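Okay, thanks for coming, everyone. I'll put the structure up on the screen, and then we'll go through how its chains fit together.

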4 protein chains.
Amino acid sequence: MSAPNPHGLTPLRDALRKFAADRDWDQFHSPKNLASALSVEAAELLERFQWLTEDQSRRLPPEELRKVREEMADVLNYLVRLADKLDVNLLDAARDKIALNEQKYPVEKARGSVKKYTEL
Amino acid sequence: MSAPNPHGLTPLRDALRKFAADRDWDQFHSPKNLASALSVEAAELLERFQWLTEDQSRRLPPEELRKVREEMADVLNYLVRLADKLDVNLLDAARDKIALNEQKYPVEKARGSVKKYTEL
Amino acid sequence: MSAPNPHGLTPLRDALRKFAADRDWDQFHSPKNLASALSVEAAELLERFQWLTEDQSRRLPPEELRKVREEMADVLNYLVRLADKLDVNLLDAARDKIALNEQKYPVEKARGSVKKYTEL
Amino acid sequence: MSAPNPHGLTPLRDALRKFAADRDWDQFHSPKNLASALSVEAAELLERFQWLTEDQSRRLPPEELRKVREEMADVLNYLVRLADKLDVNLLDAARDKIALNEQKYPVEKARGSVKKYTEL
């Protein structure tokens, strides 16, 4: 996240840094605590879907989508904050993981198979 | 995520689209299922920290940081995938949420307070 | 969990106490850490279901059910351990919560409604 | 959970069965959905601890403990409900898992070690 790119994650990282600094909240933002908070926000996102059928989850009413979008923002914000604290470049990490998964799940073997499919 | 920005989340979204399409996995990627997978990955990230003290979590050994980085990548990848399915612009959503939180936690009231501090 | 009932949660609490004491693991078992571990185990349970349809989740193959049963055990064990540390009687708490939910979701209003249905 | 024991989990299972039947909510209670709900409740429990130090988590104020107790009840209730749907005896499963962990973490090797300590 070191590239000075106005459309990437760097401006978001900086806004979150300022938000925490202004409130003197860095003291609470250990990686351990941020990982907890991230997990809690991911569960709040899941909560919006837990009683829906898969089909219903594909066509959320606007008001519901608005709430889902907000929970997704919380997840991203804590993830970017954690990446900042651990000095991890999220986009590089994501690309590396896709490359790894391409080896783990070769196209010819994985095609349409739920058996092989234990993760992304 | 519609801006054609090589450093933003759009190329990541596109790589994930191709990864799923190549394996015929879109059938599994309902928003409901993706929200579950995201939550599971966030917990796998948390697992790396669960028995550490906050201090230990600030100075991870390199091998441990490598695993943490990989779990963070999983979280981002599922989040971007979900955003794609729901047509949510993640960076806009994140910015909007920070603006909302700035109103919810005014600097003068929130400074250093753990009481007011229930979320980011 | 103080009743000396061989079929209740007390013997389980005692077995878990001994397990931790034998290994000198009480030092890691702060309520904060146990709540993290519980959440991680709940996600490992969810992972077994994340790509299944609801129907598939109702008829698990024996080997899969065996794994699910093991994750459920992990959840219960951490929950009982946390209850022990906080001196909470789980069965009483569960009964109290059902009574609360009966008021929150009156039968005539809640019947079959997914709208009212935000939690158990 | 088949033993007719007034102090065990069977009365709780029965109360939850009646609660769902009265509201016609069995239609929502697929194992997949119950596993999601369980995971969400575990995260709500974790949320109460996320910004506390480990020490603070050991001495919760009464009002906070009351909320924690309620979240623990939600976790147990969904766990018992899931066990009912999958015909799993939770106490047997918990005992079997402890026996398994005793083999996985022999006392002489595990004593005080955080390295070996990846799960209960």
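So, let me start with a question: what percentage of the interface residues of chain B are also interface residues in chain A? It's 99%, so the copies meet through the same surface. Before I go on, please keep in mind that this is a predicted model.

Let's stay with chains A and B. If you turn chain B by 180 degrees, with a shift of 0.0 Å along the axis, you can lay it on chain A with an RMSD of 0.0 Å. If you want to find that axis on the screen, look for B:G8: among the residues of chain B, its C-alpha comes closest to the rotation axis, at 2.1 Å.

Now the interface itself. People often give the size of an interface as the accessible area lost when the parts come together. For chain B and chain A, the area buried is about 6900 Å², and carbon and sulfur atoms give 68% of that. In residues, chain B puts in 77 and chain A puts in 76.

Let's zoom in on one piece of that contact. Two packed helices are described by the angle between their axes and the distance between the axes. Here I'm looking at helix α4 of chain A, residues 62–86, and helix α5 of chain B, residues 90–104, which pack at about 90 degrees with their axes 8 Å apart. That makes α4(A) roughly perpendicular to α5(B). On the α4(A) side, the residues in contact include A:R69, A:M72, A:A73 and A:L76, and on the α5(B) side they include B:L90, B:L91, B:A94 and B:I98. If you sort that contact by class, you get 9 nonpolar, 1 polar and 6 charged residues.

On to the charged side chains. Side chains of opposite charge can pair when their charged atoms come close. Over all chains, the search turns up 52 salt bridges in the whole structure, and 4 are found across the interface of chain B and chain A. One to click on is A:D74 with B:K97, at 2.7 Å from N to O. That pair runs between chains, from helix α4 of chain A to helix α5 of chain B. Another one to look at is B:R69 with A:D96, a salt bridge at 3.0 Å, N to O.

Okay, what about the other two chains? Chain D superposes on chain C through a rotation of 180 degrees, with 0.0 Å of shift along the axis and an RMSD of 0.0 Å. The two copies are thus related as by a two-fold rotation axis. In chain D, the residue that comes closest to the axis is D:G8, with its C-alpha at 2.1 Å. For this pair, 100% of the interface residues of chain D are also interface residues in chain C, so here too the copies meet through the same surface.

The numbers for that contact: 76 residues from chain D and 76 from chain C, with about 6900 Å² buried between them, 68% of it on carbon and sulfur atoms. The salt bridge count between chain D and chain C is 4, and C:R69 with D:D96, at 3.0 Å from N to O, is a salt bridge you can pull up.

Last stop, inside a single chain. In chain C, the axes of helix α1, residues 10–23, and helix α4, residues 62–86, come within 9 Å and cross at roughly 85 degrees. That makes α1(C) roughly perpendicular to α4(C). By class, this contact has 5 nonpolar, 1 polar and 4 charged residues.

How values were computed:
Residues are numbered from 1 along each chain as its sequence is written. Chains are lettered from A and ligands numbered from 1 in the order in which they are written. This is a predicted model: local features need pLDDT of at least 70, side-chain atom pairs count only at pLDDT 80 or more; totals for chains, interfaces and linings use all residues. Side-chain values use heavy atoms; hydrogens and water are left out. Copies are superposed by least squares on the C-alpha atoms of residues with pLDDT of at least 70 in both. Contact means heavy atoms within 4.5 Å. Axes are lines fitted to C-alpha atoms, for helices over the stretch in contact, and angles run from 0 to 180 degrees between N-to-C directions. Helices (H or I, at least four residues) and strands (E, at least two) are DSSP runs, numbered from the N terminus. Angles under 35 degrees count as roughly parallel, over 145 as roughly antiparallel, 65 to 115 as roughly perpendicular and the rest as oblique. Ala, Val, Leu, Ile, Met, Phe, Trp, Tyr, Cys and Pro count as nonpolar, Asp, Glu, Lys and Arg as charged, and the others, Gly among them, as polar. Buried area is the accessible area (1.4 Å probe) that two parts lose on being put together, summed over both. A salt bridge is a side-chain nitrogen of Lys or Arg within 4 Å of a carboxyl oxygen of Asp or Glu.
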